[in-house]
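Open the model in your viewer and keep the selection tool at hand. The stops below go from one selection to the next.

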Amino acid sequence: MPQLLENNNNNININKIRDLIEQYQPPFWLYDADVIYKKIKLLKKFDVIRFAQKSCSNINILRLMKKKNIKVDAVSLGEIERALISGFKSHTNEIIFTADILDNETLSKVVDFQIPVNAGSLDMLIQLGKVSPGHNVWLRINPGFGYGHSKKTNTGGENSKHGIWDPKLALPIIKKYKLKLIGLHMHIGSGVNYLHLEKVCQAMIKHVIQLNQKISSISAGGGLSIPYRFNEQSIDIDKYFQSWHSARKIISQFLGRKIQLEIEPGRFLVAESGFLVSRVWATKKTSNANFVLVDVGFNDLMRPTMYGSYHHISVISGDNRIINYHEMIDTIVAGPLCESGDVFTQKEGGTIQTRKLPKIQIGDYLIFHDAGAYGASMSSNYNTRPLIQEILLYKNNSIIIRKRQTIKELLSLEQ
């Protein structure tokens, strides 16, 4: 849920952001380590918390996770390398590689470092089995249905590329290559619907019974939601856990052994810790719209353009005047890109919306809340714009955890 910047009890407040603006100059990403640690505590009932690093893959964020004994999920060779550099150990279950394909370079790394593979396709199992008999594997199962806050985040059902549709077909491959099946994974999409949750739990029980293999773990996947708006409800973690725990007990009883319950959150752990700090460089008025243009675009924060996602926006004055929140104006907030879709106030599908904001002038700062997940990690160099810096608040200190990229660095690979 958006933090009120007027509350000085919060680590990140107006005064702190003003200090950081003076020290680092916007635009920049800002994270609060304390928020991440608080979110980790909420999931303590699960046996294993495995961070979906694609949501926020900075190695310094990964090191925060490692300090709290969080394990990590990697979905690419680059993410495997990030995990190893961050201190996660190979030849253990600290890193799991989850994917639907295995290219040669990634396969070599997975085999050399004995990283368990969460296979989303039968072809992966064949490739792996041919070169690494006995390798630890999971099966990512597509249960035949999905759910997501957007069609683009639905990862189950007939139209999803993810997961194995009929996991029974995996068993002959596993047997042929003497692969070791250690777990089943099921993730149908981002967002929590409790009716769908029960369906997923029942689907997991069904597949465990049908496969009847001596697995040691099940994974609830990720997709735990957070409230991006003030009027949205937070997820009931106890209810979520109890649904999976009940399924786990049935599975344990059926298999006659203790089964570990994993959860694989991404946004839940990091979204609310993160802010995007930007500066207003232009305002313009058309016949029926007020535009405010800032120095960050969808190359920095993709979610509004990609999914129509909502991020609360706070205003900090650039001239120390008191912001008047009693006179709110219908405002469209947009970025600098040469692209009509570079708008932060839009619905999924590109329909432009206005946002009630106070009167804004050049030199003010707009703060995008709850941007710690799928913010910096989805950034690009579109329009030849360098990646912006990332700042971490940790134990009352601010630390640069990613330097601001220069145009020279950006162009160096092409010379």
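Select strand S4, residues 95-99. Both of its faces are covered. On one side sit Ile 95, Phe 97 and Ala 99; on the other, Ile 96 and Thr 98; all are buried. Five of the five residues are buried, so S4 is largely enclosed by the rest of the structure. Keep in mind that this is a predicted model.

Add strand S3, residues 71-74. S3 and S4 run parallel, joined by three bridges. To find the register, pick Asp 73: it stands opposite Ile 96 in S4.

Now take another strand pair. Select S5, residues 117-119, together with S6. Their pairing is parallel too, over three bridges. Asn 118 faces Trp 138 across the pair, with Trp 138 in S6. How many residues of strand S6 are buried? Four of its five, across residues 136-140, so mostly covered is the right description under the 20% cut-off for buried.

**Backbone stops**

Go to Pro 26 and Pro 27. The peptide bond between them is cis, with omega near 5 degrees. Pro 27 lies in the loop that links H1 to strand S1 (28-32).

Most peptide bonds are trans, and most residues other than glycine have a negative phi. With that in mind, move to the loop between strand S15 (365-368) and strand S16 (389-394), where Asp 370 is located. Phi of Asp 370 is positive, near 50 degrees. Is Asp 370 buried or exposed? Asp 370 counts as buried, because its relative accessibility is 2%, against a limit of 20%.

Stay in the loop between S15 and S16 and select Tyr 374. Tyr 374 also has a positive phi, near 55 degrees. Its relative accessible area is 15%, so Tyr 374 is buried.

**Annotated positions**

Tyr 374 leads to the next selection. An unreviewed UniProt entry lists it under "binding site", with Arg 267, Arg 303, Tyr 307 and Glu 339. Where do these positions lie relative to one another? They span 108 residues in sequence, and the farthest two C-alpha atoms are 27.2 Å apart, so they do not all gather at one spot. Show them as sticks and take two of them in turn.

Start with Tyr 307. Look for it in helix H11, residues 303-307. Tyr 307 counts as buried because its relative accessibility is 14%.

Next, centre on Glu 339. It is in the loop between strand S13 (328-334) and strand S14 (355-358). Which residues does Glu 339 contact, leaving aside neighbours within four places in sequence? The partners are Phe 298 and Tyr 382. Glu 339 counts as partly exposed, because its relative accessibility is 36%, which falls between the 20% and 50% cut-offs.

**Last stop: the surface**

Switch to a surface view and select Met 1, Leu 4 and Phe 230. These residues make a nonpolar surface patch of about 270 Å². Met 1 is in the segment before helix H1 (14-24). With a relative accessible area of 33%, Met 1 is partly exposed.

Technical notes. Residues are numbered from 1 along each chain as its sequence is written. This is a predicted model: local features need pLDDT of at least 70, side-chain atom pairs count only at pLDDT 80 or more; totals for chains, interfaces and linings use all residues. Side-chain values use heavy atoms; hydrogens and water are left out. UniProt positions are given in the numbering used here, feature names are shortened, and annotations may be inferred rather than shown by experiment. Helices (H or I, at least four residues) and strands (E, at least two) are DSSP runs, numbered from the N terminus. Buried means under 20% relative accessible area, exposed over 50%, partly exposed in between (1.4 Å probe, protein chains only). Contact means heavy atoms within 4.5 Å. Patches are made of residues with over 30% relative accessible area and no salt bridge: like charges are joined within 9 Å, nonpolar side chains (Val, Leu, Ile, Met, Phe, Trp, Tyr) within 5 Å. Accessible areas come from the Shrake-Rupley method with a 1.4 Å probe; for residues, only the protein chains shown count as cover. A salt bridge is a side-chain nitrogen of Lys or Arg within 4 Å of a carboxyl oxygen of Asp or Glu. Two strands pair if DSSP finds at least two bridges between them.
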